[in-house]
Amino acid sequence: MSNHPDRTSEWWREAVFYHIYPLSFADSDGDGYGDLDGIISKLDYLSDTLGINAVWLSPFYRSPMKDWGYDISDHTDVDPIFGDLSTARQLIAEAHSRGIRVIVDYVMNHSSDHHPWFIESRSSRENAKRDWYVWRDSDQDGGPPTNWVSVFNGPAWTLDEMTGQWYRHTYLPEQPDLNWRNPELVEAMMDVVRFWLDAGADGFRIDAAHQMMKDPEEKNNPPVPHDFQPAYKDMGEYDTFVHLYDLGHPDVHDAHRGFRTLLDSYPQQPISVGEIHIFDLSEWASYYGDDLDEFSMPFNFHLMAADWNASSIRATIEAVHRTVPAGAWTNWTLGNHDEIRIASRLPEGHDRLAALLLLTLRGTPFLYYGDELGMKQTPVSAQDAKDPWGENVEYLSRDGARTPMQWNPGPNAGFAPDGASPWLPIPDDYKSVNVDTELAESGSMLNMYRQLLDIRRESEALRLGSIIVHSSSSDDALVYGRESDDQMLTVALNFSDERMIVPTRPGRIIFSTSDPKRADVVLDEVSLDRGEGVVVCHS
Ligand code: GLC
């Protein structure tokens, strides 16, 4: 029998999250990199223009920036690129004063090789912190201890010449894996959690959360079968092995339970959203914990893996809701700093359907900065490339989804002062795809997002209501109902290139992806333009 507290009043269930990649949001000092003062200067945009409720900030901690902040050399300090600790505190306070909660990235699996813990650890086999990382002898042939491959491709082990042992790294050699089976390391990492919660953070997004515990016997991974199809995207060499032994050993759940216990001792009801790239639904859902005592939510990437058509999306929505444990809550996302931007991944115009989905499904939406403008994946030349993943496997580069936020049609798209050189290029479309221009245009992507965010804010049915996905006679129509005590809505999306008629109940259209003024009364059917989605209100 479950003995967890009543979690139904958790603040984040009703929230809309906005993911900021700090390097690319707003550069206040002209060094070409976004910074915390820049984010502070844009808080009114988040609170007044968009009306979102929470932000997730990718790392802004001290870092040699080999993986652009996901290689942390001091968890409790701010990298000078971004500002300092007092700016971080000010950012949290100013966000709070506008009703915006702030969650920060917690990189559990690894640190930077410049972290003082690792510098000590690698200094000798006898060092007190040797076991804070994972050190192993060569195999019988003098090679790496296992055949494990790093996510970014290449071996997951690097030989340290000085001490003659290999250290493990799930990502870059500059990102050595932390050893979560060492109690002192666990305590040091819990201190990091305390530090940010004491600073007022409202929770964490937990990086690579399923990867940190490997099989203690460290067996070699078998090669994938010949008919193997990646569940999600082709990750190159990493996808040539079945990852039986190098992630998700069952004691990963003990580690997450310990983390959650600490979170639950804080008054702000901190949220924890684990980056769980697992596409087997029941395994994915196991990260809620048997007693809802692990993550508040595992990040739900299932829409990203679904084929972009009504039947596959319908099946995904139903399967996710069937799998989420009783009493728990889910989330939806279609973009982040690791993925190709939705506007470039989907057929022309379907990023509007994506926005409608994200903001009307049952579950907490996570939006990615710039998607509300229709920012596209930007081609980045080899000369401008920054992502180490792209260095190893070009097509996996994430640079194109990380280009600077487009604020206005002026110099540097308003991201950085005139004369600065942004760290990644600004695409040519910025003169029309930017906040200022789109605010002035009825029917722009930004104004469509604002309209949807308004509707969601005003509608308990959308924020918290039940969802019933309709079975449909057409493979191209996705229709679902959202209902609370006093409101009943139908959301209908047309994925086809043809106009279509969808049966519905009487009501009035309160939103259309194609026409901001559409407000017709419908009786028993609604007509949808090609690629149009609508919300019909029945009460
Ligand atoms: C996660 C992050 C990604 C980073 C990696 C290593 O997948 O989202 O950006 O490169 O972990 O920390």
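**View 1. The largest nonpolar core of the predicted model.** This core holds 143 residues. Those with the most contacts inside it are Tyr-18, Leu-46, Tyr-106 and Trp-180. Helix 5, residues 183–198, gives the largest share of the core, with 8 residues.

**View 2. Trp-180 and the residues it touches.** Leaving aside residues up to four places away in sequence, Trp-180 touches Tyr-106 and Ala-255. Five methionines are also touched by Trp-180, namely Met-108, Met-189, Met-190, Met-212 and Met-213. Leu-185 and Val-186 complete the list for Trp-180. Both Trp-180 and Tyr-106 are among the residues with the most contacts inside the largest core.

**View 3. A second nonpolar core.** This core is separate from the one described above and has 13 residues. Val-149, Phe-152, Tyr-171 and Leu-172 are included in it.

**View 4. The largest pocket.** The space in this pocket comes to about 950 Å³. Its lining is made up of 40 residues. Nearest the centre lie His-210, Met-235, Tyr-238, Leu-247 and His-277. Sorted by class, the lining of the largest pocket has 20 nonpolar, 12 charged and 8 polar residues.

**View 5. The second largest pocket.** The volume here is about 580 Å³. Of the 25 residues that line this pocket, Glu-394, Tyr-395, Leu-396, Ser-397 and Arg-398 lie nearest its centre. Helix 8 (302–305) supplies at least two residues of the lining, and so does helix 12 (388–392). By class, the lining of the second largest pocket consists of 10 nonpolar, 9 charged and 6 polar residues.

Methods:
Residues numbered from 1 in each chain as written. Predicted model: local features only at pLDDT ≥ 70, side-chain atom pairs only at ≥ 80, totals over all residues. Heavy atoms only, no water. 1 Å grid on protein atoms, 1.4 Å probe; cavity = no way out; pocket = protein on both sides within 12 Å on 5 of 7 lines; lining within 4 Å. Points joined across faces, edges and corners; volume = space filled by probe spheres on them. Nonpolar A, V, L, I, M, F, W, Y, C, P; charged D, E, K, R; others polar. Helix = DSSP H or I, 4+ residues; strand = E, 2+ residues; numbered from the N terminus. Core = buried A, V, L, I, M, F, W, Y, C linked by side-chain atoms within 4.5 Å. Buried < 20%, exposed > 50% of the residue type's maximum accessible area, 1.4 Å probe, protein only. Contact = heavy atoms within 4.5 Å.
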